[in-house]
Structure formats: C-alpha cells, structure tokens
Amino acid sequence: RTNLLPYSDALTNAKWAFSNVNITVTANNATGIAGTSTAATVVETTTSNVQHRLFYYDASVSITSGSVYCYSVYLKSIGGRDVQLAPSAGTGLGTTNISFSKQFASNGWNMEKHGNGIFRVWKSAAATSTGIPSFVYYTYNGSSTTFTGTTGTGFQIEKAQYEQVTTVGDPPTSYIDN
C-alpha cells in the first residue's frame with residue numbers, strides 16, 4: 001500500500017496550513033507513538049467565540065469515486081480537549097466527534113488505544129466522488145467547534161495516512177511515511 005498524503009507527518013509544511021485558524025502548531029515537541037518527540041501540538045488561541053482549526057489539503061492528491069480508502073491518524077488530547085475530524089464530503093468517511101475521555105469516535109470511526117493517552121483513529125469508506133480530499137481537525141468542546149479557546153488546550157497529532165484498501169471496513173496498515 002501507499003500513503004497518498006505527501007508530508008503526512010510534517011506539520012510545518014504548507015499542506016497542513018491550507019486554512020488554519022486560531023491555533024498554534026508546533027512540530028516535533030510532544031512524545032509520540034514511538035516514545036520520542038515526533039508528534040506535533042495544536043493549541044487553541046484564546047480568541048472569543050471562534051473555531052480553532054487545522055486543515056490539510058494537497059492538490060496533488062486525488063481520489064476516484066467508488067474506490068475504497070482508509071484514513072488514519074494518531075491523536076492525543078491536550079488539556080482535556082476533544083477533536084472533531086471533518087474529511088471532505090467526497091471521501092465518504094463522514095465527520096466524527098472524538099471523545100478521548102470516553103474513548104469513543106462517532107459515525108462508525110474506530111479508536112485504538114496505544115498508550116500514553118494516544119489513540120489511532122481510523123475509518124475506511126468508498127469515495128463518493130472523484131476529486132481532491134481534504135481533512136479538517138477542529139478542537140471540540142463536546143457540543144460545538146465554535147467557542148472561546150482556553151490557554152494550553154488542543155490536541156497532539158502525528159502520522160496521518162490515507163491509503164487505498166480493498167473493502168470497506170479494512171483497517172489501516174502500519175504507518176507509511178510519505
């Protein structure tokens with residue numbers, strides 16, 4: 001298999017800043033899945049009544065309607081904050097609300113615990129249109145993505161992966177660097 005996302009683990013790359021708002025991203029400053037400082041942190045600003053969003057987009061990536069793909073990423077809460085992951089509609093994946101304290105992801109997404117509060121969140125689905133996928137991560141307060149940010153809250157992220165698989169429900173492979 002191939003990870004279709006260039007710079008999938010390089011959050012300082014422009015692919016990860018397509019339309020970011022009200023966040024501070026710091027790469028390689030948190031202990032990641034391998035036990036080293038490979039994860040990035042995404043921390044909210046304290047701006048009032050806004051969304052806090054990390055956005056991945058790369059025009060060189062394309063998907064084909066009817067083909068099946070699996071998206072996965074490693075996430076960890078910072079300061080108790082949850083995450084809403086909103087892939088573009090054409091991916092067929094659907095938006096998920098991720099609750100770290102409940103160890104639950106909505107809308108058929110899977111959460112695998114990997115220790116140190118890190119979870120691999122994933123889902124496979126058939127693309128519903130041909131085009132360029134995007135992946136948006138919002139900090140989520142349990143009921144909304146629009147709120148006043150809190151100092152020191154957000155999430156940790158690393159190793160995003162989008163790969164073609166055979167069947168809906170197929171799990172992701174081990175992380176493939178791209």
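## A tour of an all-strand model

Start with the whole chain in cartoon view, where the elements of the protein, followed from the N terminus, run β-β-β-β-β-β-β-β-β-β-β-β-β. The count is 13 strands and 0 helices, with strands (E, at least two residues) and helices (H or I, at least four residues) taken as DSSP runs and numbered from the N terminus. What you see is a predicted model, in which local features need pLDDT of at least 70 and side-chain atom pairs count only at pLDDT 80 or more, while totals for chains, interfaces and linings use all residues. Residues are numbered from 1 along each chain as its sequence is written, and side-chain values use heavy atoms, with hydrogens and water left out.

**The whole chain**

Keep everything selected and turn the model: along its principal axes the C-alpha trace spans about 40 × 35 × 30 Å. The radius of gyration is 15 Å, which agrees with the value near 16 Å for a compact globule of 178 residues; the radius is taken over C-alpha atoms, and the globule rule is 2.2 Å times the number of residues to the power 0.38. If you colour by burial, buried residues make up 50% of the 178, where buried means under 20% relative accessible area with a 1.4 Å probe, counting protein chains only.

**The sheet**

Next, select the 5 strands that form an open sheet in the order β4-β11-β6-β7-β8, with antiparallel pairing. The edges are β4 (53-57) and β8 (104-105), each with a single partner strand, so one side of each is left without a neighbour in the sheet. Two strands are said to pair if DSSP finds at least two bridges between them.

**Strand β11 and its partners**

Now select residues 134-140, which are strand β11, and add residues 82-87, which are strand β6; 6 bridges join these two antiparallel strands. Within this pair, show L85, which stands opposite Y137 in β11, and then D82, which stands opposite Y140. Moving to the other pairing, β4 and β11 are antiparallel over 5 bridges, and here Y56 stands opposite F135 in β11.

Finally, show the side chains of β11 by themselves. How many of the 7 residues of β11 are buried? The count is 7 of the 7, so the strand is largely enclosed by the rest of the structure. Both faces are covered, with S134, V136, Y138 and Y140 buried on one side and F135, Y137 and T139 buried on the other.
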